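Here's a quick tour of a protein model, starting with the overall build and ending with a couple of backbone oddities. Have the viewer open as you read.

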Amino acid sequence: MNAQPLKGQTALVTGASAGIGVDLAECFASDGYDVILAARTESALRAVADRLAKTYAIKATPIAADLGVIGGGQRLADAITKAGLSVDVVVNNAGYGVAGAFDGSDAAGQLGMIDLNDRALVELTHIYWPTMLANKRGGVLNVASTAAFQPGPLMAVYYASKAFVLSFSEALWEEARDTGVKVSCLCPGPTVSKFRERAGTNKTRLSRTGEQMTSMSVARMGYDAWQDNKRVEVTGLRNRLTASLVSFLPRTMLLRLVRQLQSPI
Ligand SMILES: NC(=O)c1ccc[n+]([C@@H]2O[C@H](COP(=O)([O-])OP(=O)(O)OC[C@H]3O[C@@H](n4cnc5c(N)ncnc54)[C@H](OP(=O)(O)O)[C@@H]3O)[C@@H](O)[C@H]2O)c1
C-alpha cells in the first residue's frame, strides 16, 4: 500500500480489457486511485470497471477507444474531458505483436504496431505531460518488453517498437528528474495473456524456453517500480539476466540467436 494520500488521483490505463492492463488497473485501484479504463472491447472494460469499483470503493470509468487509429489518443482524451475527468497517471500498456518474416507480411499489421505501441503512447503522454509537470505529481508508466533490448529478426517491427518505448521512457525519466513526476518503463518477458494468440508466437522456439509469469505478478512489479520512480523494470531474475547479457554478445551472434528463438518449431 502507498503511504501518500491518493484519493482523488486518477490513472488512465490503456489496454485494460484483458491481460496485464487489467492487473495494472487493479494495482492502482487497490491503492486508492480512481481509474479510467481504455481499450476497444466495451463489454470487457465495463466488467473490469464494475469489479474494481465494487472491490476497492474507487471510481472506475470504462471508455471504449481504438488507439490504433491516427488521432485515437486525442479522441480518448476528448472523451475523458467530456466525462468531466482528469488524468494524473498515464499507463501506456495497450500493444500487440506480429511474429514472422518482414517479407510477405501484412503492411497494415506492421504499421498498426507502430501506431498503437508507439504513436498512441507518445500522443497520450504528450497530452497529459504538461499538467503532470504543472501539478508536480503523477507520471507515466510505459509497458515495453524484454524485446526492447535487442533487434528481433522474424518479429522485427515489434522489437523495434518496444526499443522505441524504452528509449523514449528513459529520456522522459531524465527530463522529469526533480519535478515530482515519475516515469517508469516496464519490460516484461513472456507473460500469460492473450498476447501470444494474437502475435502468433505460441509456436516459436522462444515459447518453449521457460515458464511464463502471471500478469498480476508482472503488473505488481511495474506498479511498485513506478511508485519508486524506477527508470526501468525488467520482470524476473531470468529476464533481467538475459537483458543485461545482450550488450556483451557480438551483435551478429545476437541477431542469429534471436532469429533462432523466433523461428517456428
Ligand atoms: N504477454 C507477454 O508475453 C508480453 C511480454 C512483453 C510485453 N508485453 C506487452 O504488454 C502489453 C499488454 O499486453 P498483454 O500481454 O496484456 O496482451 P493482451 O492480453 O493481448 O492485451 C492487450 C490489450 O491491449 C488492448 N488493445 C489492443 N489493440 C488495441 C487498440 N487498437 N486500441 C486500444 N486498445 C487495444 C486490448 O484490448 P481490446 O482488444 O479490447 O482493444 C487488450 O486490453 C503490450 O504492450 C505487450 O506488448 C506482453
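What follows covers the fold as a whole, then its surface and charges, then two loop residues.

First off, this is a predicted model. Its secondary structure adds up to nine helices and seven strands. The radius of gyration is 18 Å, close to the 18 Å the globule rule gives for 265 residues, so the protein is as compact as a globular protein of that length. Laid along its principal axes, the C-alpha trace spans about 50 × 35 × 30 Å.

How are the contacts spread along the chain? Looking at those with a separation of 6 or more, 74% are between residues 24 or more positions apart. As for burial, 50% of the 265 residues count as buried.

On the outside, the protein exposes about 12700 Å², and carbon and sulfur atoms supply 57% of that. There are 28 positive and 23 negative charges, and the mean positions of the two sets are 4 Å apart.

Now for the backbone. Most residues other than glycine have a negative phi. Here are two with a positive value:

| Residue | Phi | Loop | Relative accessibility |
|---|---|---|---|
| Asp178 | near 65 degrees | between α5 (156-175) and β6 (182-187) | 76% |
| Asn229 | near 55 degrees | between α7 (215-227) and β7 (232-234) | 26% |

Is Asp178 buried or exposed? Exposed means over 50% relative accessible area, so Asp178 counts as exposed at 76%. Asn229, with its 26%, is partly exposed.

Key. Residues numbered from 1 in each chain as written. Predicted model: local features only at pLDDT ≥ 70, side-chain atom pairs only at ≥ 80, totals over all residues. Heavy atoms only, no water. Helix = DSSP H or I, 4+ residues; strand = E, 2+ residues; numbered from the N terminus. Rg over C-alpha atoms; globule rule 2.2 N^0.38 Å. Buried < 20%, exposed > 50% of the residue type's maximum accessible area, 1.4 Å probe, protein only. Contact = heavy atoms within 4.5 Å. Areas by Shrake-Rupley, 256 points an atom, 1.4 Å probe, with all protein chains shown as cover. Lys, Arg positive; Asp, Glu negative; His and termini not counted. Charge placed at Lys NZ, Arg CZ, Asp CG, Glu CD.
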